[in-house]
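Q: I am new to this structure and would like a close look at one part of it. Please take the salt bridges, and say where their partners sit and how buried they are.

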Amino acid sequence: MLKRIRNTGVDTPVIILTARSSIDDTVAGLEGGADDYMAKPFRFEELLARVRLRLRPQANGADTRVLRVGSLELDLGSRRTRLAGREIDLSTREFALAEAFMRNAGQVLSREQLLSRVWGYDFDPGSNVVDVYVRYLRNKLGAEWFTTVRGMGYRLDDPSGGPA
């Protein structure tokens with residue numbers, strides 16, 4: 001249904017709230033035209049933050065479907081990643097993790113925050129999956145983009161020195 005609505009040119013932001021939390025469901029929802037996807041259980045505060053983000057007016061008519069930090073670009077519509085104009089192939093989870101970092105560039109994100117945003121609340125908090133995927137991103141995008149803050153988590157920084 002959302003795909004049909006998008007095909008008519010309607011670009012109203014859509015956040016899917018659902019009990020379905022598999023990767024296939026998430027990918028289908030996002031590729032079907034959703035701007036965001038949240039599986040239950042979720043925190044109401046996070047939902048409100050995502051709604052505010054989707055409704056925030058963009059300065060200079062900037063495309064809300066493309067996130068930029070320095071030379072790193074994430075196109076949420078086409079699910080493409082570019083670094084200094086070169087396309088980088090990211091898996092679905094890598095893309096979701098990169099999106100979480102880019103939406104919070106310059107801020108430290110704890111492993112727990114990343115687990116809940118990318119893997120969902122039902123994921124084992126003792127897992128090292130966040131560390132593994134940060135390593136994947138470092139290998140693909142460059143280690144200089146990601147700073148480990150001991151005892152706290154990770155931060156995305158623009159290595160060119162521009163504002164993150």
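A: What follows sets the scene in brief and then goes through the salt bridges one by one.

The model is predicted, so local features are given only at pLDDT of at least 70 and side-chain atom pairs only at pLDDT 80 or more, while totals for chains, interfaces and linings use all residues. Residues are numbered from 1 along each chain as its sequence is written, and side-chain values use heavy atoms, with hydrogens and water left out.

The protein is built with 6 helices and 9 strands; these are DSSP runs numbered from the N terminus, helices being H or I of at least four residues and strands E of at least two. Out of 164 residues, 37% are buried. Here buried means under 20% relative accessible area, exposed means over 50%, and partly exposed lies in between, with a 1.4 Å probe and protein chains only. When contacts (heavy atoms within 4.5 Å) are taken between residues at least 6 apart in sequence, 46% join residues at least 24 apart.

There are 11 salt bridges in the structure. The term stands for a side-chain nitrogen of Lys or Arg within 4 Å of a carboxyl oxygen of Asp or Glu.

One of them pairs Asp-35 with Arg-65, with 2.6 Å between the closest N and O atoms. This bridge links distant parts of the chain, 30 residues apart. Asp-35 lies in the loop between helix 2 (23-31) and strand 2 (36-39), and Arg-65 in the loop between helix 3 (44-55) and strand 3 (66-69). Asp-35 counts as buried because its relative accessibility is 12%, whereas Arg-65, at 25%, counts as partly exposed.

Another salt bridge joins Arg-50 and Asp-36, and its closest N and O atoms are 2.6 Å apart. Here too the pair links distant parts of the chain: Arg-50 belongs to helix 3 and Asp-36 to strand 2, 14 residues apart. Arg-50 has a relative accessible area of 14% and is therefore buried. Asp-36 counts as buried as well, at 9% relative accessibility. Salt bridges with shared partners also tie Asp-36, Arg-50 and Glu-46 into one network.

A further salt bridge is formed by the side chains of Arg-155 and Asp-157, at 2.9 Å from N to O. With 23% relative accessibility, Arg-155 counts as partly exposed.
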